Amino acid sequence: MVASKERTPSFIATIRLKTNKMQVKHLLMLSDCGRQLYNACLGESLKRLKAIQNTELYKETIRLSKTSETDLEKRRANFKYLNETFHFTEYSIQSFGTKTKNDSKFIADHLGTHICQKLST
């Protein structure tokens, strides 16, 4: 039986922005650029993860014990090796996001580097 979690009182405040048509258009364009970049990074990340999961080393690694200290060290080393080999690191995905942004003139014109890095992360 699951114990019920006690709820604290909360509320949601909805505050309408005062915008004109041009500001709404600009916000929607930024949102769409962010969506496209996020989905591109997500798709690439899932592709790299699937490539990792199809290796024999990954299949052997997930069979190792999580409680044994020697197995735990080996698991960490194997996962680190796989992540670096298949470029499945935060830096690699950020680099992919930056390259994708730069390849798309439309996104590059509207999103800055810092926003791109956050979306990629």
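# Notebook: helix packing around H1

I began with the burial of H1 and noted that Cys33, Gly34, Leu37, Cys41, Glu44, Ser45, Arg48 and Ile52 are buried in this helix. I should record at once that I am reading a predicted model. I then looked up what these residues meet, and found that the buried residues of H1 pack against helix H2 (56–63), H3, H4, H5 and H6.

I checked the span of H1 next: its 33 residues should cover 48 Å at 1.5 Å a residue, and since the end C-alpha atoms are 47 Å apart, the two values agree.

**Entry on H1 and H4**

I asked myself at what angle H1 and H4 pack. The angle is about 135°, and the two axes are 10 Å apart. The helices are therefore oblique to each other, given that an angle has to be over 145 degrees to count as roughly antiparallel. I noted the crossing of H1 and H4 as right-handed. On the H1 side I listed Leu37, Ala40, Cys41, Glu44, Ser45 and Arg48 as making the contact, and on the H4 side Ser92, Ile93, Phe96, Gly97, Thr100 and Lys101. Sorting the residues of this contact by character, I have five nonpolar, four polar and three charged.

I turned to H4 itself, which runs over residues 90–103, has 14 residues and reaches 20 Å from its first C-alpha to its last, close to the 20 Å expected at 1.5 Å a residue. Its buried residues are Ser92, Ile93, Gln94, Gly97, Thr100 and Lys101, and I found that they pack against helix H1 (21–53), helix H5 (105–110) and helix H6 (113–120).

**Entry on H1 and H6**

I then looked up the pair formed by H1 and H6, whose axes come within 9 Å and cross at roughly 45°. This pair, too, I have to call oblique, because the angle is not under the 35 degrees that would make it roughly parallel. H1 passes H6 in a right-handed crossing. The contact involves Gly34, Leu37, Tyr38 and Cys41 from H1, together with Cys116, Leu119 and Ser120 from H6. I counted the residues of this contact as five nonpolar and two polar, with no charged residue.

Tyr38, which has its place in helix H1, deserved a separate look. Is Tyr38 buried, exposed or partly exposed? Its relative accessibility is 42%, so I enter Tyr38 as partly exposed. I also took the distance between the C-alpha atoms of Tyr38 and Arg7, which are 31 residues apart along the chain and separated by 33 Å.

**Entry on H2 and H3**

For H2 and H3, I read an angle of about 155° and axes 10 Å apart. The two are therefore roughly antiparallel to each other, as the angle is over 145 degrees. I recorded a left-handed crossing for H2 and H3. The residues in contact are Leu57, Tyr58, Thr61 and Ile62 of H2, and Arg75, Asn78, Phe79, Tyr81 and Leu82 of H3. By character, the contact of H2 with H3 divides into six nonpolar, two polar and one charged.

**Entry on His87**

My last search was on the backbone of His87, a residue in the loop between helix H3 (69–85) and H4. Its phi is near 55°, a positive value in a residue other than glycine. I set beside this the general rule that most residues other than glycine have a negative phi.

Which residues does His87 contact once its neighbours within four places in sequence are left aside? I found Arg48, Ser92 and Ile93; Arg48 is among the buried residues of H1, while Ser92 and Ile93 are among those buried in H4. His87 itself I entered as partly exposed, because its relative accessible area is 47%. Finally, I noted that His87 and Val24 lie 63 residues apart in sequence and 38 Å apart in space, taken from C-alpha to C-alpha.

Note on methods:
Residues numbered from 1 in each chain as written. Predicted model: local features only at pLDDT ≥ 70, side-chain atom pairs only at ≥ 80, totals over all residues. Heavy atoms only, no water. Helix = DSSP H or I, 4+ residues; strand = E, 2+ residues; numbered from the N terminus. Expected span 1.5 Å × (residues − 1). Buried < 20%, exposed > 50% of the residue type's maximum accessible area, 1.4 Å probe, protein only. Contact = heavy atoms within 4.5 Å. Axes fitted to C-alpha atoms, helices over the stretch in contact; angles between N-to-C directions. Parallel < 35°, antiparallel > 145°, perpendicular 65-115°, else oblique. Left-handed = near helix turned anticlockwise from the far one by under 90°. Nonpolar A, V, L, I, M, F, W, Y, C, P; charged D, E, K, R; others polar.
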